[in-house]
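Student: I am new to this structure and would like to be led through it with care. Please begin with the bound molecules and then turn to the protein around them.

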Amino acid sequence: MVKAVVAGASGGIGQPLSLLLKLSPLVDELALYDVVNSPGVAADLSHISTKAKVTGYLPAEDGLKLAMTGADIVVIPAGIPRKPGMTRDDLFNINAGIVRDLITGIALYAPKAFVLIISNPVNSTVPIAAEVLKKHGVFDPAKLFGVTTLDIVRSETFSATVLGKSDPSIFNVPVIGGHSGDTIVPLLSLASPAVEVDDATRDALVNRIQFGGDEVVQAKEGKGSATLSMAFAGFRFAESILKAVSGETGIVENTFVYLPGIPGGDAIKAETGLDFFSAPVELGASGAIKIENILPKVSEYEKGLLAVAYKGLATSISKGVDFIVKAPEAKM
Ligand code: NAD
Ligand code: LMR
């Protein structure tokens with residue numbers, strides 16, 4: 001029996017992501033948690049004729065506890081999205097506290113669950129989650145993931161566009177680093193099939209992958225950021241976890257993880273100086289079983305991109321860690 005929880009289930013990402021989970025044969029129970037409207041979303045989804053039993057919870061009457069208890073996987077798209085002109089870091093002041101409180105609920109009621117963080121800024125919210133779980137003595141690095149799959153999805157789509165291919169799903173382009181602007185590092189030199197383009201086209205493609213989120217924020221004109229493509233990406237990652245748990249082997253996803261806790265992570269930490277990094281991670285029944293160090297394979301041009309990414313990541317990671325470590329008054 002697999003119980004999945006969506007925290008932030010009534011939002012722009014939460015609703016379509018909950019729909020996709022409701023459609024999945026890998027989910028038996030789906031608990032929807034939000035500060036508004038989750039019973040309504042749950043009632044709506046519960047009429048769909050698939051097997052997952054759907055329930056909805058608000059904070060009142062121990063809603064967080066009831067939603068989280070027994071969870072195998074918790075996906076978190078709770079928090080505010082960007083408006084034009086904002087960076088993801090501008091969301092920190094509100095979303096940091098939201099993530100801290102939800103992770104506290106996971107630490108108390110579902111300490112063995114896989115935790116997938118979508119809420120921005122991912123480069124800081126994942127370190128926040130790790131610190132909260134550490135404070136409660138339940139941190140398992142193999143089970144905490146920052147969801148960076150949308151960058152992979154965009155790299156597939158935009159590479160296909162540039163090369164005039166009709167099916168983006170044939171592309172496999174590693175995107176490493178973090179999830180914001182120039183911390184997003186697409187490795188076109190390692191793409192399969194090869195993405196062979198002139199330098200100007202390469203620069204434009206890299207820039208589009210790095211700043212694809214801004215494209216959607218601008219197009220939505222103040223009504224939020226990517227939701228439907230994110231629901232697709234979030235479900236793709238959640239489904240990979242569920243498949244690995246059910247015994248499927250050889251599944252690899254790029255995701256933002258705590259390096260020292262995962263086999264292979266020390267080599268990346270030694271090269272980057274960072275505790276958290278997104279790279280190809282092999283998934284198994286216990287979560288992240290290995291992280292691949294592809295840094296020795298990157299091109300000179302990509303080394304330049306990485307040097308910039310390391311600086312931004314170091315700042316965002318420290319900001320997240322400090323939010324918990326240097327705030328003893330934090331609600332835990
Ligand atoms: P949204 O405003 O449409 O939905 C957010 C939901 O979170 C709302 O329903 C809100 O009620 C709920 N919420 C707020 N506080 C909560 C709490 N304490 N507990 C539970 N739920 C709470 O926003 P959205 O467009 O769905 O985006 C959500 C987040 O995902 C944003 O931070 C956005 O930046 C981020 N995002 C990340 C990626 C990524 O690639 N990782 C992609 C897109 C968006
Ligand atoms: C994205 O990449 O679309 C998300 O991180 C949302 C945003 O703020 O751009």
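Student: At what distance does a polar side-chain atom of Asn120 lie from an oxygen atom of ligand 2?

Tutor: This is a predicted model, in which local features need pLDDT of at least 70 and side-chain atom pairs count only at pLDDT 80 or more, while totals for chains, interfaces and linings use all residues. Residues are numbered from 1 along each chain as its sequence is written, chains are lettered from A and ligands numbered from 1 in the order in which they are written, and side-chain values use heavy atoms, with hydrogens and water left out. A polar contact is a pair of N or O atoms within 3.5 Å, and for Asn120 and ligand 2 the distance is 2.8 Å.

Student: How much of ligand 2 does the protein bury?

Tutor: Accessible areas come from the Shrake-Rupley method with a 1.4 Å probe. Taken alone, ligand 2 exposes 260 Å², and the share that the protein buries is 95%.

Student: Which residues besides Asn120 place a polar side-chain atom by an oxygen atom of ligand 2?

Tutor: The shell of residues near ligand 2, meaning those with a heavy atom within 4 Å of it, includes Leu150, His179 and Ser225. A polar side-chain atom lies 2.6 Å from an oxygen atom of ligand 2 in the case of Arg82, and 2.7 Å from one in the case of Arg154. The residues asked for thus include Arg82 and Arg154.

Student: Why does ligand 2 lie between two parts of the protein, and which parts are they?

Tutor: By an automatic or database domain assignment, the protein is divided into two domains, whose centres, taken over C-alpha atoms, are separated by 20 Å. Their contact, meaning heavy atoms within 4.5 Å, takes 46 residues from domain 1 and 53 residues from domain 2. Ligand 2 lies between them because its shell receives residues from both domain 1 (3–147) and domain 2 (148–332).

Student: Which residues come nearest to ligand 1?

Tutor: An oxygen atom of ligand 1 is 2.7 Å from a polar backbone atom of Gly12, and one is 2.9 Å from a polar backbone atom of Ile13. A polar side-chain atom of Asn120 lies 2.9 Å from an oxygen atom of ligand 1. Of the 29 residues around ligand 1, those that come nearest are Gly12, Ile13, Asp34, Ile80 and Asn120.

Notes: Polar contact = N/O pair within 3.5 Å; in protein donor to acceptor, adjacent residues only side chain to side chain.
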